[in-house]
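Q: Please take a close look at the part of this model that is covered by its UniProt domain annotation. I would like a connected account of its helices, its loops and the contacts around them.

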Amino acid sequence: MVQSEEEVILPKVRCVARARIPTTQGPDIFLHLYSNDRDNKEHLAIVFGEDIRSRSLFRRRNGESQQDRMIRGAYVGKLYPGRVDADIDDRQGLALQFDQAGNLITDNQTTWNGENDTLIRVHSECYTGETAWSARCDCGEQFDRAGKLIACEREASTGIVGGSGHGVIVYLRQEGRGIGLSEKLKAYNLQDLGADTVQANILLKHPADGRDFSIGKSILIDLGIRNIRLLTNNPEKIEQASHPPLLNCVERVPMVPIHWTQEGEGIHSKEVEGYLRTKIERMGHLLQSPLNLHSATQPGNVLV
């Protein structure tokens, strides 16, 4: 029997720490590190907007001091030398309120309204694409663009409405669509031998896509987000993004590869073209592409 969304038990997550990160792209972000009861990985939320608050982080804890709260990042406004109260920022005129159980009481002056349609990217770790300048995939490009879209009011080249400085990139540690970095490198060798990205995973006895986005849902719920504008081309993410009534995907915002729309920009390689073709043909990604789809494969070139 298929479980309803209400019956599905989501992972339990807890925000361990939060810190302000000044960036080279413009606005400060607030990096949240999460623990959970499903794995031992340190998943992250890259939060745009100081007022998007983790309920687990800000909940008052027995015996803690205001200094303890500031050190773990459970403060309102901005830290400065000599500040002594985490829950009150006198300089900005902000003060947090809590109920008798220590739970944060939200109000529009101090906390982002979760009913707002909020721009979200659920992103899986890709060391090669984000750090090693890989042109085998567009993961690094999508990560960078998601941040720029969340920061801006509207993207000039596409007209996409941005987040105007509010939104979240949920960063899940599930490299290689869940197979890990060592297996991913083996998959790259198989691709050079003729397999596509789906075939390579299967030849290594892994699923084509072994990712689980449930921790991402729990993180968004903890951040008080209810209505999400999801940056994705992946129909599986759209299906997994909702958890009514706590979390609803109200819009899909497409992420068209930059080099398809801006000549001389983005990632150009035969590898990324093959990767995108496979995502469309084999994984059903929602892209209307200029690629030559369903191209004939030369005999003997693909491992089976």
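A: The account below begins with the annotated span and then follows its helices, loops and contacts.

The model is a predicted one. According to an unreviewed UniProt entry, the annotation "domain: GTP cyclohydrolase II" covers residues 110-242. The C-alpha atoms at the two ends of this span lie 26 Å apart. In composition, residues 110-242 are 42% helix and 14% strand.

Helix 6 is a convenient place to start. It runs over residues 181-192, which makes 12 residues. From first to last C-alpha, helix 6 reaches 17 Å, close to the 16 Å expected at 1.5 Å a residue. Its buried residues are Glu183, Lys184, Ala187, Tyr188 and Leu190. These residues are on the same side of helix 6, because they cover an arc of only 160° around the axis. A general property of helices is relevant here: an α-helix has 3.6 residues a turn, so residues three or four places apart point the same way. The cover over the buried residues of helix 6 includes helix 3 (127-130), helix 5 (175-178) and helix 7 (197-203). Just after helix 6 comes Gly194, which takes a positive phi of about 125°.

Helix 8 (residues 214-222) is mostly covered, with eight of its nine residues buried. The buried set consists of Ser214, Ile215, Gly216, Lys217, Ser218, Ile219, Leu220 and Asp222. Gly224 follows helix 8, and its phi is positive, near 80°.

The next feature is an aromatic contact. By the ring-centre criterion, the count is one aromatic pair. The pair consists of Phe143 and Tyr171, whose ring centres are 5.9 Å apart; the planes meet at 75°, so the arrangement is edge-to-face. This pair links distant parts of the chain, since Phe143 belongs to helix 4 (residues 139-151) and Tyr171 to strand 9 (residues 167-172), 28 residues apart. How exposed or buried is each partner? Phe143 has a relative accessible area of 23% and is therefore partly exposed. Tyr171, at 10% relative accessibility, counts as buried. The cut-off that separates the two classes is 20% relative accessible area, below which a residue is buried.

Two loops hold backbone angles that deserve attention. Most residues other than glycine have a negative phi, and most peptide bonds are trans. Trp133, in the loop between helix 3 and helix 4, has a positive phi near 60°. With 79% relative accessibility, Trp133 counts as exposed. Ser164, in the loop between helix 4 and strand 9, has a positive phi near 55°. At 45% relative accessibility, Ser164 counts as partly exposed.

Asn233 also lies in a loop, here between strand 10 (227-231) and helix 9 (235-241). Its relative accessibility is 5%, so Asn233 counts as buried. A polar atom of the Asn233 side chain lies 2.7 Å from the backbone oxygen of Met255. Leaving aside residues up to four places away in sequence, Asn233 touches Gln142, Arg252, Pro254, Met255, His285, Leu286 and Leu287.

Further along the chain, a cis peptide bond joins Pro244 and Pro245, with omega about 0°. Pro245 sits in the loop between helix 9 and strand 11 (248-253).

Helix 11 (residues 270-281) connects this region with helices already described. It has 12 residues and reaches 16 Å between its first and last C-alpha atoms, close to the 16 Å expected at 1.5 Å a residue. Val272, Glu273, Tyr275, Leu276, Thr278, Lys279 and Ile280 are the buried residues of helix 11. What covers them includes helix 4, helix 5, helix 7 and helix 10 (258-261). Helix 5 and helix 7 thus appear both in the cover of the buried residues of helix 6 and in that of helix 11.

One loop earlier in the chain completes the account. Tyr80 is found between helix 2 (66-72) and strand 4 (88-89), and at 21% relative accessibility it counts as partly exposed. Apart from residues up to four places away in sequence, Tyr80 touches Asp89 and Arg91. The C-alpha atoms of Tyr80 and Arg91 are 9.9 Å apart, with the two residues 11 apart in sequence.

Technical notes. Residues numbered from 1 in each chain as written. Predicted model: local features only at pLDDT ≥ 70, side-chain atom pairs only at ≥ 80, totals over all residues. Heavy atoms only, no water. Helix = DSSP H or I, 4+ residues; strand = E, 2+ residues; numbered from the N terminus. Buried < 20%, exposed > 50% of the residue type's maximum accessible area, 1.4 Å probe, protein only. Polar contact = N/O pair within 3.5 Å; in protein donor to acceptor, adjacent residues only side chain to side chain. Contact = heavy atoms within 4.5 Å. Expected span 1.5 Å × (residues − 1). Arc of directions from axis to C-beta. UniProt positions renumbered as here; feature names shortened; annotations may be inferred. Phe/Tyr/Trp six-rings, centres within 6.5 Å; stacked < 30°, edge-to-face > 60°.
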